[in-house]
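Please work through the exercises below with the sequence and the model open side by side. Each task is followed by a solution that proceeds step by step.

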Amino acid sequence: MNLCVNARDAMPQAGTLSVSAKNFHIEQNYACMNLEAKVGDYVLITLSDTGCGMLQELLERIFEPFFTTKEPGKGTGLGLSTVVGIIKNHGGFVNVHSQVGLGSQFQVFLPAFQKAATHEAEDSQMPRGNGELILVVDDEAFVRDVAKTSLQQFNYKVLVASDSFEAFSLYVQNKNEISVVLMDIQMPSMDGLNTIRVLQQINSNVKIIVISGLASNHKLLKDSQIDVRAFLIKPYTIKELLNTIKEVIVVNK
Ligand SMILES: Nc1ncnc2c1ncn2[C@@H]1O[C@H](COP(=O)(O)OP(=O)(O)O)[C@@H](O)[C@H]1O
Ligand SMILES: [Mg+2]
């Protein structure tokens, strides 16, 4: 933000500010040329402007606290010292190149984490399906979409229904293929409990996982003597969902 504001100030008439990011591996040679750089992986964020640029004498002072060339009230001279402070706190450093009349370029180097690698490791620990068909019943399009994509990603097939009637119709047509019904019980059109009752009439062995935003709905189910295989409270994680489906499919076979 600070770097962008400086670039704007350097281009009072007009100009172009480019911001880009890329992975950058610092090698021994580069590390030798730059005191603050260490060999390793960095993310390099580059901000280039086509503004007034800076003379060498100016470049040497811009990171000093309270150094400013702007009129009183316009600049504090604290922007760049703050920028450097933040970057150093993250183990990074900053380079500047500038030419008078052509523009300036600030390069911010931040040490990179190998986050993607740990994600993959987590993913491989999640229980995957064996192509079983899951019927997802939820009136919120967003929730349906997320559930659908996540389940497909972990090797389940998915049918979605946005209300009880759609759920009945899909269930009747695919009764033998559907392994589990994931059902939100706060759907508006027909009371969720009735939906479960009707599905259980179609197939007394239907495996239903009830999803609800309210923990108290679990008690309501029990009080109404409605027996479902599992109960999940929103918001749930994909891991909880996958574990619950696996349990329901394996344990209740
Ligand atoms: N992109 C840039 N182009 C030209 N000069 C710049 C640029 N960024 C910083 N400067 C110079 O560095 C000085 C210090 O910047 P900074 O610490 O952010 O304080 P301030 O913006 O309050 O002056 C600015 O006054 C300006 O002279
Ligand atoms: Mg500034």
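**Exercise 1.** Which residue in strand 4 stands opposite Asp49?

*Solution.* The model is a predicted one, and it should be read as such throughout. Begin with the two strands concerned, strand 2 (residues 40–49) and strand 4 (residues 103–111), which run antiparallel and are joined by eight bridges. Following strand 2 to Asp49, one finds that the residue opposite in strand 4 is Ser104. A further pair can be located in the same way, since Thr46 has Gln107 of strand 4 opposite to it.

**Exercise 2.** Identify the order of the strands in the open sheet of four strands, and state which of them are the edge strands.

*Solution.* The order is 1-2-4-3, and the pairing is antiparallel. The edge strands are strand 1 (17–26) and strand 3 (93–99), each of which pairs on one side only. From one strand to the next, the twist averages 20°. To examine the pairing at one of these edges, take strand 1 and strand 2, which are linked in the antiparallel sense by 10 bridges; here His25 has Asp41 of strand 2 as its bridge partner.

**Exercise 3.** Describe how helix 1 and helix 4 are placed relative to the strands.

*Solution.* Take helix 1 as the starting point: it lies across strand 1, strand 2 and strand 4, and its direction makes an angle of about 25° with strand 2. Turn next to helix 4, which lies across strand 3 and strand 4 and runs at about 140° to strand 3.

**Exercise 4.** Which helix gives the most residues to the shell around ligand 1, and how do the residues of that shell divide by character?

*Solution.* There are 20 residues around ligand 1, and those that come nearest are Asn6, Ala10, Gly75, Gly79 and Leu80. Helix 1 (2–10) and helix 4 (79–89) each supply at least two residues of the shell, and helix 1, with four residues, gives the most. Sorted by character, the residues of the shell comprise eight nonpolar, 10 polar and two charged.

**Exercise 5.** Are Phe66 and Asn155 buried or exposed, and what is the value of phi in Phe66 and in Asn155?

*Solution.* Locate Phe66 in the loop between helix 3 (56–59) and helix 4. Its phi is near 70°, which is a positive value in a residue other than glycine. Because Phe66 has 9 C-beta neighbours inside 10 Å, it counts as exposed, the limit for that class being 12 or fewer. Asn155 is found in the loop between helix 6 (141–153) and strand 6 (157–161), and its phi is likewise positive, near 70°, in a residue other than glycine. With 12 other C-beta atoms within 10 Å, Asn155 is exposed.

**Exercise 6.** How is the protein chain divided into domains, and what distance separates the C-alpha atoms of Ser169 and Ser98?

*Solution.* The chain is divided into domain 1 (2–114) and domain 2 (124–251), and the centres of domain 1 and domain 2, taken over C-alpha atoms, are separated by 52 Å. Ser169 has its place in helix 7 (residues 164–174), and it counts as exposed because it has 11 C-beta neighbours inside 10 Å. Between the C-alpha atoms of Ser169 and Ser98, which are 71 residues apart along the chain, the separation is 68 Å.

Terms used:
Residues are numbered from 1 along each chain as its sequence is written. Chains are lettered from A and ligands numbered from 1 in the order in which they are written. This is a predicted model: local features need pLDDT of at least 70, side-chain atom pairs count only at pLDDT 80 or more; totals for chains, interfaces and linings use all residues. Domain bounds come from an automatic or database domain assignment. A residue is near a molecule or strand if its C-beta atom, placed from the backbone, lies within 6 Å of it. Ala, Val, Leu, Ile, Met, Phe, Trp, Tyr, Cys and Pro count as nonpolar, Asp, Glu, Lys and Arg as charged, and the others, Gly among them, as polar. Two strands pair if DSSP finds at least two bridges between them. Axes are lines fitted to C-alpha atoms, for helices over the stretch in contact, and angles run from 0 to 180 degrees between N-to-C directions. Two residues are in contact if their C-beta atoms, placed from the backbone, lie within 7 Å. A residue is buried if 20 or more other C-beta atoms lie within 10 Å of its own, exposed if 12 or fewer, and partly exposed in between; C-beta atoms are placed from the backbone.
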